[in-house]
Amino acid sequence: MTDQPQLHSSIIAMVSLASGIASNHPAMGQCQLERLRGYGVPEHQIDTVIEVARHIRDEAAQKLDFAFDEKDKSNKPANETAGQGETCGCSTSPSGQSCC
């Protein structure tokens, strides 16, 4: 087995920050923010990571809410439900960053 090059510490910190935000981790990524700034990662790149992670988190919550609402509607009489479509595919964050 050959040695694989390791990810740079700043990439690991970005992934950790993004996953923590997207999963609503209670630590809120403060440690990773300090590390990224210590590595000299530009603020605009950190801001992009935060924006995309929040977008993914919010989109997941919306889809979960939609699925809950649809399940709830299926348990009600037909005259109490109103149809609502779900969009599929990749969306973009408010600044236009793709989350895919």
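1. Which residue just after α2 takes a positive phi? In this predicted model, Gly 40, which follows directly after α2, has a positive phi of about 85°.

2. The largest nonpolar core is made up of ten residues, namely Ala 13, Leu 17, Ile 21, Leu 33, Leu 36, Val 41, Ile 46, Val 49, Ile 50 and Ala 53. At least two of these core residues come from each of α1 (9–22), α2 (30–38) and α3 (43–74), and α3 makes the greatest contribution, with four residues. As a general point, nonpolar side chains in soluble globular proteins tend to be buried together.

3. Within that core, Ile 21 deserves a separate remark: when residues up to four places away in sequence are not counted, Ile 21 touches Ile 50 and Ala 53, and also Arg 54 and Arg 57.

4. In α2, the buried residues are Gln 32, Leu 33 and Leu 36; viewed down the axis of α2, they fall within an arc of 105°, so they line one face of the helix. Glu 34 and Gly 38 are exposed on the other side of α2, while the cover over the buried residues of α2 includes α1 and α3.

5. A colleague checking charged residues may wish to look at Glu 51, which has its place in helix α3. Glu 51 is buried yet has no salt bridge, and the nearest side chain of opposite charge, that of Arg 54, is 8.7 Å away. Neighbours within four places in sequence aside, the contacts of Glu 51 are with Ser 93, Pro 94, Ser 95, Gly 96 and Gln 97.

Definitions and conventions:
Residues are numbered from 1 along each chain as its sequence is written. This is a predicted model: local features need pLDDT of at least 70, side-chain atom pairs count only at pLDDT 80 or more; totals for chains, interfaces and linings use all residues. Side-chain values use heavy atoms; hydrogens and water are left out. A nonpolar core is a set of buried Ala, Val, Leu, Ile, Met, Phe, Trp, Tyr and Cys residues joined through side-chain atoms within 4.5 Å. Buried means under 20% relative accessible area, exposed over 50%, partly exposed in between (1.4 Å probe, protein chains only). Helices (H or I, at least four residues) and strands (E, at least two) are DSSP runs, numbered from the N terminus. Contact means heavy atoms within 4.5 Å. The arc is that of the directions from the helix axis to the C-beta atoms. Lys and Arg count as positive and Asp and Glu as negative; His and the chain ends are not counted. A salt bridge is a side-chain nitrogen of Lys or Arg within 4 Å of a carboxyl oxygen of Asp or Glu.
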